[in-house]
Structures are given as structure tokens and as C-alpha cells.
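Me: I am new to this structure and would be grateful for a close look at a single part of it. Please choose one element of the chain, describe its setting first, and then follow its surroundings outwards.

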Amino acid sequence: MPDVVDNPFMITPGTVQRGRTRIRALSEGDVVVDSDAPLLVWEHPYYPRLFFAPEDLRAVPRPAAARAPRSKVLGRSELFDVVVGDRTLPGAAQRYPEAPVEAMRDRYTLTWSSFDTWLEEDEVLHTHPRSPYVRVDALASSRHVRVVVGGQVVAESRRPVVLTETGLEPRYYLPRVDVRMDLLTPTGTTTHCPYKGAASYWTIDAADAELTDTVWTYETPLAESMRIAGLLCFWPEKSSDLELYVDGVRTGRP
């Protein structure tokens, strides 16, 4: 029978590992779970789901009336409402009593969006759990980066910061003084990355083209990404009209 594994090079769908950092989830200031060692359960290679022992719960799970979803990897699930004081969070917990790894069968996984605050140690988590195997590096560079829309140069820099993230293509962050800011219009779009923080977006208006949300920035990124604070990154995969050249070679085509 499969068991909990500690080898980071053996991750496949269904792998279960021991967490090594403290995880807490809160709802309106109430701590719902507090665990020094949640199980990390990998249904895909991007990030794990967190499973908590019953004694780590500070709230009461009650069987939910709603139908529980089935996982292709973990099998049949049981759905629970989570009672926090006089409040009930519907469908906020699941359990997989027939999971391939016996150690997780009595454990609960919590629905991420049901809780307003997640903490790893004392750092706020955004979007989803962080993978312990993702590394983010922001590297000073002298590569020549040029951004063109419809023949019009929107940005050109020889001092980008190159951000590399495990499993993803490099991204080139440019100083604003090297960008035609008069061609950019801020939008209300925001996204969150568990490794970099909150991003805000711009639309490019150039050469009779309007390319919505094709530029982003992290104004106040998380500590490991501070070198990209306030710099602009272009998203060529989103539009064929956005051309990104690195040392004369076009990259990131849709």
C-alpha cells in the first residue's frame, strides 16, 4: 500500500508527504485549524492540498447535505460544513475515506476560499498552498529587451530584471523609465501569486491596437521577489500583436 514519502523526487499524482511548516486557517479572526505538520497531498505537480488531523481542528465538522465531489486520484469524498462559534461555513471541509494512503483517510482538507486568512508560519498565503519545491529568483541582467506593438516601440531596456520560477518561462521586468508610460492605461484587474504577491495590470494603447491587461507589476511583492518591485512585465502570450524581443529574438508568442 502506498505510504507517506519524504523524497522530493518521487512526486506523482497521489503522493503524500509530511509538511514541515506550521499552517493556520482563520475565519473572521477565529482560528479554524492550527497544524505543525499537515500532510501535503499531490493531485497534480503544481502545488499540494493540505490535509489536517482531526485534533488540529478548532471548529466542528458536520456532515453536509450537499453532494461530495469525487477525485480521480483520491476517490470518493465526504463533504462537511464547518461550524465556527455561531457561524456555519457550508461545504468547507472534505475527507477521503478510501484514499490510497491510509494515513490521510481520517484527515480533513479545507476549501481554500471558505477562509479569509491562511498563514504559513506567520506569513500570509495567497491563492493556494505554496509548493516547497518552487524557487523564485530575480536576477539583474544587461540583456536587450524590446517590446513592439504594430511597429511602434512600447519599451526598450538593457537593464531588465529576469525573474525565473520553477517550471515557468523567464519573465523580463523593465524599469518604468524604459517604458512608454503614455501608452499604458491602468485597469482594475488584480491577481495574486503565492510566491510574488498581488499584481496590478495595464492596457496598451498603441498603433491603433488596444491590448487589455497585457502588462503587470508587483508594487509591493513578497520578500523573495523584492527586486521586481514597481517594474513592468509584458505578456506576449496573450496577444499576437504584442512582440517581445530578447537580444533580437522574439519570445513568448501565443
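Reply: The accessible surface of the protein chain comes to about 13100 Å², and 50% of that area belongs to carbon and sulfur atoms. The model is a predicted one, and every value given here is computed from it. The protein chain has 254 residues, of which 47% count as buried. It contains 22 strands and zero helices. Taken along the principal axes, the box filled by the C-alpha atoms is roughly 60 × 40 × 30 Å. Among contacts with a separation of 6 or more, 48% are between residues 24 or more positions apart.

The part chosen for the close look is strand 15, which covers residues 161-165. Is strand 15 enclosed by the rest of the structure or left open? Four of its five residues are buried, so strand 15 is largely enclosed by the rest of the structure. The cut-off behind that statement is a relative accessible area under 20%.

Strand 15 has strand partners to consider. One is strand 12, residues 136-140, which pairs with strand 15 in the antiparallel sense over five bridges. In this pairing D137 stands opposite T164 of strand 15. Another partner is strand 16, residues 171-174. Strands 15 and 16 also run antiparallel, and three bridges join them. Here V162 is the residue that stands opposite Y172 of strand 16. These two strands form a hairpin with five residues between them. In the turn of that hairpin, G167 has a positive phi of about 85°. As general background to a pairing of this kind, the side chains of a regular strand alternate between the two faces of the sheet.

The chain reaches strand 15 by way of a loop that follows strand 14 (152-157), and R158 has its place in this loop. R158 is exposed, with a relative accessible area of 56%; the cut-off for that class is over 50%. Leaving aside residues up to four places away in sequence, R158 touches S141, S142, R143 and H144. S142 is 16 residues from R158 along the chain, yet 5.0 Å separates their C-alpha atoms.

Strand 15 also takes part in the lining of the largest pocket, whose volume is about 800 Å³. There are 29 residues in that lining, and those closest to the centre of the pocket are E165, L168, C193, Y195 and K196. Strands 15, 16 and 17 (184-193) each supply at least two residues of this lining. By class, the lining divides into 17 nonpolar, eight polar and four charged residues.

Strand 16, the hairpin partner, leads on to an enclosed space. The structure holds one cavity of 30 Å³ or more, and about 30 Å³ of space lies in the largest cavity. Its lining is made up of V145, V147, Y172, L174, F234 and L244. Strand 13 (145-149) and strand 16 are the elements that give two or more residues to this lining. Y172, which lines the cavity, is also the residue that V162 faces across the hairpin pairing. What classes of residue does the lining of the largest cavity have? There are six nonpolar residues in it, with no polar and no charged ones.

On the other side of the pairing, the chain before strand 12 has a feature of its own. The loop between strand 11 (123-125) and strand 12 holds T127. T127 is not a glycine, and still it has a positive phi of about 80°. Most residues other than glycine have a negative phi. At 41% relative accessibility, T127 counts as partly exposed. A positive phi, of about 55°, is likewise found at D213, which is not a glycine either. D213 lies in strand 19, residues 209-217, and is buried, with a relative accessible area of 11%.

One further opening completes the setting. The second largest pocket has a volume of about 280 Å³. It is lined by 19 residues, and G19, R20, T21, L40 and P132 lie nearest its centre. Its lining divides into ten nonpolar, four polar and five charged residues.

To return to the chosen part, strand 15 is largely enclosed, pairs with strand 12 over five bridges, is joined to strand 16 by three, and supplies at least two residues to the lining of the largest pocket.

Notes
Residues numbered from 1 in each chain as written. Predicted model: local features only at pLDDT ≥ 70, side-chain atom pairs only at ≥ 80, totals over all residues. Heavy atoms only, no water. 1 Å grid on protein atoms, 1.4 Å probe; cavity = no way out; pocket = protein on both sides within 12 Å on 5 of 7 lines; lining within 4 Å. Points joined across faces, edges and corners; volume = space filled by probe spheres on them. Nonpolar A, V, L, I, M, F, W, Y, C, P; charged D, E, K, R; others polar. Buried < 20%, exposed > 50% of the residue type's maximum accessible area, 1.4 Å probe, protein only. Pairing = 2+ DSSP bridges. Contact = heavy atoms within 4.5 Å. Areas by Shrake-Rupley, 256 points an atom, 1.4 Å probe, with all protein chains shown as cover.
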